[in-house]
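Hi everyone, thanks for making time for this. I'd like to walk you through a model, starting with how far to trust it and then turning to some side-chain pairs.

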Amino acid sequence: MRFLAALVLLLAMANAQAVDLEGEQLARYHELNAELRCLICQNRSIAESDAPLAKDLRTIVEKQIAQGRSDAEIKQYLVDRYGKWVLYDPPLDSATIILWVGPFVLLAIGLLVVFLMMRRRREAPPERPSLDRDRLTRVLDEQTQPTDSASSKERS
């Protein structure tokens, strides 16, 4: 009998902690969970992760939505507690400027290098080896005229 009473008490406590979200609140809950990064998995949102910390973060989000806090307030609470890494899209500030601008700078440098290489290739005429016409004539004459030893063998 005590076991049954303890089980009922545990179920009542678990039900008291669960917050039921409906309609717009449920949609906000799912959107926020998709925008927040799991700090353990790092490449998954807390909605996709099964890590214990992700479950805790989902619970925090759920409770704060039920308390009527805005999305910005919830995100700020989590950033204050866990750092900017918890956001998939970190805000543009002095600490994250390289994340936002870096790819565009690298792309611009790459395009500039390609442009300069193409320009140099167009400007410089292809180098052709200089011909030594006298030497070429001598070599061709030697190949077309029979040699003395070959001509003497033919006469014999």
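So, what you see is a predicted model, and the mean pLDDT of the chain is 80, with 75% of its residues reaching 70 or more. Where is confidence lowest, and where is it highest? The low end is helix 1, residues 2–17, at a mean of 51. The high end is helix 3, residues 52–66, at 92.

Please take special care with residues 12–18, where pLDDT stays under 50. For that stretch the model has 1 contact beyond four places in sequence. As a general point, where pLDDT is low, the predicted coordinates should not be read in detail.

Now for the charged side chains. How many salt bridges does a search of the whole structure find? The count is 2.

Let's take R28 and D71. They form a salt bridge, and their closest N and O atoms are 2.7 Å apart. R28 belongs to helix 2, residues 24–35, while D71 belongs to helix 4, residues 71–82, so this pair ties together parts that are 43 residues apart in sequence. Is R28 buried or exposed? R28 counts as buried, because its relative accessibility is 18% and the cut-off for buried is under 20%. Its partner D71, at 26%, counts as partly exposed.

The other bridge joins E35 to K75, with the closest N and O atoms 2.5 Å apart. Here E35 lies in helix 2 and K75 in helix 4, so the pair ties together parts that are 40 residues apart in sequence. E35 has a relative accessibility of 32% and counts as partly exposed. K75 counts as partly exposed too, at 26%.

Let me stay with K75 for a moment. Which residues does K75 contact, once we leave aside its neighbours within four places in sequence? They are L32, E35 and L87. And if you follow the chain on from K75 to V86, 11 residues along, the C-alpha atoms of the two are separated by 8.7 Å.

Last, the rings. The count of aromatic pairs comes to 0. There is a ring with a charge over it, though: the charged end of R37 sits over the ring of W85, 4.2 Å from the ring centre.

To recap, we have salt bridges between R28 and D71 and between E35 and K75, plus R37 over the ring of W85. Thanks for listening, and I'm happy to go back to any of these on the screen.

Note on methods: Residues are numbered from 1 along each chain as its sequence is written. Side-chain values use heavy atoms; hydrogens and water are left out. pLDDT is the predictor's confidence in each residue, from 0 to 100. Helices (H or I, at least four residues) and strands (E, at least two) are DSSP runs, numbered from the N terminus. Contact means heavy atoms within 4.5 Å. Rings of Phe, Tyr and Trp (its six-membered ring) pair if their centres lie within 6.5 Å; planes under 30 degrees apart count as stacked, over 60 as edge-to-face and the rest as tilted. A charge sits over a ring if NZ of Lys or CZ of Arg is within 6 Å of the ring centre and within 35 degrees of the ring normal. A salt bridge is a side-chain nitrogen of Lys or Arg within 4 Å of a carboxyl oxygen of Asp or Glu. Buried means under 20% relative accessible area, exposed over 50%, partly exposed in between (1.4 Å probe, protein chains only).
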